[in-house]
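Grab a pencil and open the model in your viewer. The exercises below go step by step, each with a worked solution.

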Amino acid sequence: MAVLGFFSAVRAAPWLWRRAAAGLPGHCPGKGYTVGPAQVRTVQVSRSAELVSPPTFGFLLDIDGVLVRGHRVIPAAVEAFRRLVNAQGQLRVPVVFVTNAGNILQRGKAQELSALLGFKVEPDQVILSHSPMKLFSQYHGKRMLVSGQGPLVENTRALGFENVVTVDELRMAFPVLDMVDLQRRPKTTPLPRSDFPAIEGVLLLGEPVRWETSLQLIMDVLLSNGNPGTGLATAPYPHLPVLASNMDLLWMAEARMPRFGHGTFLLCLETIYRKVTGNELRYEGLMGKPSILTYQYAEDLIRQQAERRGWAAPIQKLYAVGDNPMSDVYGANLFHQYLQMVKHDGAEELGADGLWKQRPSATQSCSSILVCTGVYSPKTPGSTEPAQGEEPPFHGHRDFSFSPKLMEASHIVNDVDEAVQLVFHKEGWAS
Ligand SMILES: [Mg+2]
């Protein structure tokens, strides 16, 4: 996996992930946590500095578990935005919203957030799990099979893809491919088709419905080199390019136990591909948190936002606030590690490893701030401590090796409002 190549050495201590999910190694601060008197003094002294100096830092805010739970806003998020917005209703610092959701439209998510937060969120402030697919312009003109649900075609168009085929359209063209559901099998044998243009790649945007149909048809496309009506004696390898987003194995919804995420679907596809062909399924791009690509993309949007506001000072520090140690903390720390490597080795070298070759960046650090209003909580419903000596499973994706250090948040606070206060204090800004 090219995008992740540079840090693939370590796969150790998966117990730490469970410890983090269960409230360890850190703990949520007590409810009485506030900014102390000494910190307030610092803030008051530097208020004038804020008025004359543009921000040199920006926020990457996760959505679910940080700003909202289900359809309800978390009260601390409303408080946080009172601090983040000035008297003119404008943001005082650049902010982007980074979510692993994908089966929705960017502008729909922006509207939803605007209504909940009482602040106008622009669509280009929202980063969905598949948003970095905009960067893969070499595939935008190719004929791509797309898997997922919701506004699939509209989403792929917005990403720049001009020629997509949905799994349903492929199934309609070749009804004999989808045979699991007896009710959906064709009643008569259709004539073979030779007028269906070859598919040149696969986009996996999010979890589909009817997994058996999507798994079967994606496999058919990969095994036939894009011509599922014909089939091939030997599966080509490397196979057609596959771009995937959102590798979360599980997620928490209203149910008391976690639900399957797109990562579970990818696991099924990878396992079937390996079993059938003897080779590993390869991703040309794997995005969504904790992928570095997503953070590079977010960094670029933060920079553009600052430029639009006319803030001359470069953004040097990023603060990523999230509730999930595996995606939010791991991703922010991984990106921080990447920034240090770029500083040391230079971006060109890493660019050759498959990462996005950005313009030279002024960003020097990315700090992870873990909140206790979502997945991470000492009292996560359904979370159980492993028995003595038992190693709980690592829920990260196959291509993301486990590194205990990457699971440790720079800071743990109760909620996003405290996260904003903490950052403002560190930066010498008034809350
Ligand atoms: Mg979250």
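**Exercise 1.** Find how strand β13 is joined to strand β14, and place the pair in its sheet.

*Solution.*
Step 1. Look at residues 317–322 (β13) and 365–371 (β14): the two strands run parallel and 6 bridges join them. Strands here are DSSP runs of E, at least two residues long, and helices are runs of H or I, at least four, both numbered from the N terminus. Two strands pair if DSSP finds at least two bridges between them.
Step 2. Pick one bridge: K317 has S365 in β14 as its partner.
Step 3. Zoom out, and you get an open sheet of 6 strands with parallel pairing, ordered β5-β4-β1-β13-β14-β15. β5 (126–127) and β15 (411–413) are the edges; each has a single partner strand, so one side of each lacks a neighbour in the sheet.

A note on the source: this is a predicted model, where local features need pLDDT of at least 70 and side-chain atom pairs count only at pLDDT 80 or more, while totals for chains, interfaces and linings use all residues. Residues are numbered from 1 along each chain as its sequence is written, and side-chain values use heavy atoms, with hydrogens and water left out.

**Exercise 2.** Which strands does helix α9 touch?

*Solution.*
Step 1. Helix α9 (residues 292–308) packs on the sheet and touches β1 (57–61), β4 (95–98), β5 and β13. Contact means heavy atoms within 4.5 Å.
Step 2. Now the direction: α9 makes about 155° with β4. Axes are lines fitted to C-alpha atoms, for helices over the stretch in contact, and angles run from 0 to 180 degrees between N-to-C directions.
Step 3. Try helix α10 (residues 325–345) as well: α10 lies across β13 and β14, at about 165° to β14.

**Exercise 3.** Is α12 mostly covered or mostly open?

*Solution.*
Step 1. Check the length: the 12 residues of α12 (416–427) should span 16 Å at 1.5 Å a residue, and the end C-alpha atoms are 16 Å apart, which agrees. The expected span is 1.5 Å times one less than the number of residues.
Step 2. Count the cover: 11 of the 12 residues in α12 are buried, among them V416, L422 and F424. Buried means under 20% relative accessible area, with a 1.4 Å probe and protein chains only.
Step 3. Finish just after α12, where G428 takes a positive phi of about 75°.

Terms used
Buried < 20%, exposed > 50% of the residue type's maximum accessible area, 1.4 Å probe, protein only.
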